[in-house]
Amino acid sequence: MSFLRRRSATPAGPDFDVLAMDPGDWPGNLGAGLLPAPDGSCQGVFLRYDLFGGRGPAMIIGNLPEGSPARETAEGEIPFEVAQLLLALDNEEEVTVVGSEDTPVLQGDNLLIVRRLKLSEGRISCVQFDRSDGVLVTIAAWDRPITDDLYALLKPLPAELFQQG
């Protein structure tokens, strides 16, 4: 009778695993957001990792499945996760994508083709890669580079973690 529990358009959780850093491995505060579609399905998940002491967000990791409107960006437009990072920082500066470079990276036994985005705001690092299940993962970090060792920390967090009570 699970259909009786769902009373709002807020998604109950994604129907895909979310690739991110385990919340138990992060020393600061963690927040998660779901992107609801009008039909109540989940169009994406983003996790916001904040530093100790509330010094502001350090990183946002987004997982957007195929068909998610948040994946659609115009030429030079920043990814959704970068916009969320700027919003969290109360930074209203206009930021654009000025270039990109594809780089091969190993994550365990998997070879990822990581797209490193170069942004007009040099304090933001941003990378993207596609998973085999069609989910686009975007990592946006403030004032710190995204190094290859970060990919070793990424693991699937089960969709059940994002279910509403």
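1. In this predicted model, Arg 123 and Glu 121 form a salt bridge, with their closest N and O atoms 2.9 Å apart. The two partners differ in their surroundings: Arg 123 is partly exposed, its relative accessible area being 39%, whereas Glu 121 is buried at 7% relative accessibility.

2. The structure holds five salt bridges. One of them joins the side chains of Arg 116 and Asp 148, at 2.9 Å from N to O. Because Arg 116 lies in strand β6 and Asp 148 in the loop between β8 and α2 (149-153), this pair ties together parts that are 32 residues apart in sequence. Arg 116 is partly exposed, at 23% relative accessibility; Asp 148 also counts as partly exposed, at 44%.

3. Arg 131 deserves separate comment. Its place is in the loop between β7 (124-130) and β8 (136-142). A salt bridge links the side chain of Arg 131 with that of Asp 133, at 2.6 Å from N to O. Asp 133 is partly exposed, with a relative accessible area of 44%. Is Arg 131 itself buried or exposed? With a relative accessible area of 15%, Arg 131 is buried, because the term applies to values under 20%.

4. The side chain of Arg 131 has a further polar partner: this side chain reaches the backbone oxygen of Asp 17 at 2.9 Å. Which residues does Arg 131 contact once its neighbours within four places in sequence are left aside? They are Asp 17, Val 18, Leu 19, Asn 63 and Val 137. Asp 17 thus appears both in this contact list and as the residue whose backbone oxygen the Arg 131 side chain reaches.

5. On the cysteines, a search of the whole structure finds zero disulfides. Two cysteines may be described by their accessibility. Cys 42 is buried, at 8% relative accessibility, and Cys 126 is likewise buried, with a relative accessible area of 3%.

6. The surface carries a nonpolar patch formed by Leu 106, Leu 111 and Ile 113. Together these residues present about 330 Å² of accessible area. Leu 111 is found in strand β6, which spans residues 110-119; Arg 116, described above for its salt bridge with Asp 148, lies in β6 as well. With 58% relative accessibility, Leu 111 counts as exposed, since that class begins over 50%.

Key
Residues numbered from 1 in each chain as written. Predicted model: local features only at pLDDT ≥ 70, side-chain atom pairs only at ≥ 80, totals over all residues. Heavy atoms only, no water. Patch = residues over 30% accessible without salt bridge, like charges linked within 9 Å, V, L, I, M, F, W, Y side chains within 5 Å. Areas by Shrake-Rupley, 256 points an atom, 1.4 Å probe, with all protein chains shown as cover. Salt bridge = Lys/Arg side-chain N within 4 Å of Asp/Glu carboxyl O. Helix = DSSP H or I, 4+ residues; strand = E, 2+ residues; numbered from the N terminus. Buried < 20%, exposed > 50% of the residue type's maximum accessible area, 1.4 Å probe, protein only. Polar contact = N/O pair within 3.5 Å; in protein donor to acceptor, adjacent residues only side chain to side chain. Contact = heavy atoms within 4.5 Å. Disulfide = S-S within 2.5 Å.
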